[in-house]
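The exercises below can be worked through with the sequence and the 3D view side by side. Try each task before reading the solution that follows.

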Amino acid sequence: MTDKISNLLAEIEKTKIENKAQLEELRIKWLSKKGEISVLFDDFKIVPNELKKEVGQRLNELKIKATEKINSVKEVFEQQESTNAASSLDLTLPGIPLNQIGSKHPLSIVKNQIIEIFSKIGFTVSDGREIENDWHNFSALNTPENHPARDMQDTFYINLNPEMVLRTQTSSVQVHIMESQKPPIRTISPGRVYRNEAISARAHCQFHQVEGLYIDEQVSFADLKQTLLYFAKEMFGVETEIRLRPSYFPFTEPSAEMDISCTICKGKGCNVCKYTGWVEILGCGMVDPQVLINCGIDPEKYKGFAFGMGIERITMLKYRIKDLRLFFENDVRFLKQFTSA
Ligand code: DAH
């Protein structure tokens, strides 16, 4: 037994360990559960009592030596590896070029286009606020107390007394503008709006609208129609046609909804236009005289038109996007497809 210990000690001392594989091999050979040292510990049971003390000491010494050898060589190898990694790092190499510089969100691209189109015909841009009181979001816009749009299901109320809401429409900006400016007024107001809707491919609890407002002494429905025709042609191409269908909004009289000829099938019929050849893109009308009065403008002297459209809807038509949720998920694979100057 003592011979075996001495031999193994000598082996441990003289063995040169060249690489990591060899290190692992020796660790298993010497120190694993079935390794040579463990076998010696098993044999220790049969050592006569009078020798136990001496043999035991030598056995422990052997185990310590083996462990120290393995650990110290391991440390050397690890150090070598980290210096190798550092020296193979060439700090003078040029950077890897990014193949994708940042791009604008499709909603921003379309919003900017809308602003550009209307600014060419003299519309300014007005900002509103996303947290509104009841007056600006509803009451001033002729939306009576019991109107369904006021239902808690549609509107996010953030305070009940006084009633404060996340605006449900950018029409609220009209009220601020008419209260604070004198006609002539010719402005558009893009911005985010909120509705308490279940999120799906066609609806979201947040989306974007652009409101348009024109107030002057001689504004007629013909002006409204011509302005919107100009917009449709600029946005969707010169061949685009529009049609106005009578509709209802509390703050306009008369009111209409505007369709454009389907940009996808060119009127032949497809699933986007539900085989009608037309797609609805906005609501509009002549500002109700009561709304002018609510905002301190004399309806005997001034008239006006207003319109409101969803930016998501225009963007979906333009880029043939089928799911509204894509706009808010910020998936880079979606976003990087859009480029703009
Ligand atoms: N605010 C309306 C909505 O959210 C859109 C709208 C319709 C705005 C007609 C207008 C308008 O200014 O005249 O559905």
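**Exercise 1. The surroundings of the ligand**

Task: In this predicted model, find how many residues surround the ligand and which of them are the closest.

Solution. Begin with the shell, where a residue counts if one of its heavy atoms lies within 4 Å of the ligand. By that cut-off 15 residues surround the ligand, and the closest are Q169, S171, R195, Q209 and E211.

Next, turn to the polar contacts, for which the limit is a pair of N or O atoms within 3.5 Å. A polar atom in the side chain of E211 lies 2.5 Å from an oxygen atom of the ligand, and for Q209 a side-chain N or O atom is 2.9 Å from a ligand oxygen. F307 takes part through its backbone, with an N or O atom 3.4 Å from an oxygen atom of the ligand.

Then consider burial: the ligand taken alone exposes 350 Å², of which the protein buries 89%. As for its location, the ligand sits in the largest pocket. The elements that contribute two or more residues to the shell around the ligand are the helix α7 (171-180) and the strands β6 (206-216), β9 (278-287) and β10 (303-310).

**Exercise 2. The sheet of seven strands**

Task: Work out the order of the strands in the seven-stranded sheet, and state which strands lie at its edges.

Solution. Tracing the sheet from one side to the other gives β1-β5-β6-β10-β9-β8-β7, an open arrangement in which the pairing is mixed. The edges are formed by β1 (124-125) and β7 (242-249), each of which pairs on one side only.

Now look at a single pair within this order. Strand β5, residues 185-194, runs antiparallel to β6, and 10 bridges connect the two. Within this pair, Y194 stands opposite Q206 of β6.

As background, the strands of a sheet pair through backbone hydrogen bonds, in either a parallel or an antiparallel manner.

**Exercise 3. The sheet of three strands**

Task: Determine in which order the three strands of the other open sheet are arranged, and how they pair.

Solution. The order is β2-β4-β3, with antiparallel pairing. The edge strands, each pairing on one side only, are β2 (131-133) and β3 (157-160), and from one strand to the next the twist averages 20 degrees.

To check one of the pairings, follow β3 to β4 (residues 163-166), to which it is joined by three bridges in the antiparallel sense. Y157, for instance, has V165 in β4 as its bridge partner.

**Exercise 4. Backbone features in loops**

Task: Locate the cis peptide bonds at P162 and P184, and place each proline relative to its flanking elements.

Solution. The bond joining N161 and P162 is cis, with omega about 0 degrees, and P162 belongs to the loop between β3 and β4. The bond from P183 to P184 is also cis, its omega being near 0 degrees, while P184 lies in the loop between α7 and β5.

A last step concerns K274, a residue other than glycine whose phi is positive, near 50 degrees. K274 is placed in the loop between β8 (252-261) and β9.

Terms used. Residues are numbered from 1 along each chain as its sequence is written. This is a predicted model: local features need pLDDT of at least 70, side-chain atom pairs count only at pLDDT 80 or more; totals for chains, interfaces and linings use all residues. Side-chain values use heavy atoms; hydrogens and water are left out. Two strands pair if DSSP finds at least two bridges between them. Helices (H or I, at least four residues) and strands (E, at least two) are DSSP runs, numbered from the N terminus. Axes are lines fitted to C-alpha atoms, for helices over the stretch in contact, and angles run from 0 to 180 degrees between N-to-C directions. A polar contact is a pair of N or O atoms within 3.5 Å; within protein, one must be able to donate a hydrogen and the other to accept it, and residues adjacent in sequence count only if both atoms are side-chain atoms. Accessible areas come from the Shrake-Rupley method with a 1.4 Å probe; for residues, only the protein chains shown count as cover. On a 1 Å grid over the protein atoms alone, a cavity is a set of points where a 1.4 Å probe fits but cannot get out, and a pocket is an open set with protein on both sides within 12 Å along at least five of seven lines; lining residues have an atom within 4 Å of a point. A molecule sits in a cavity or pocket if more than half of its atoms lie within 2 Å of its grid points.
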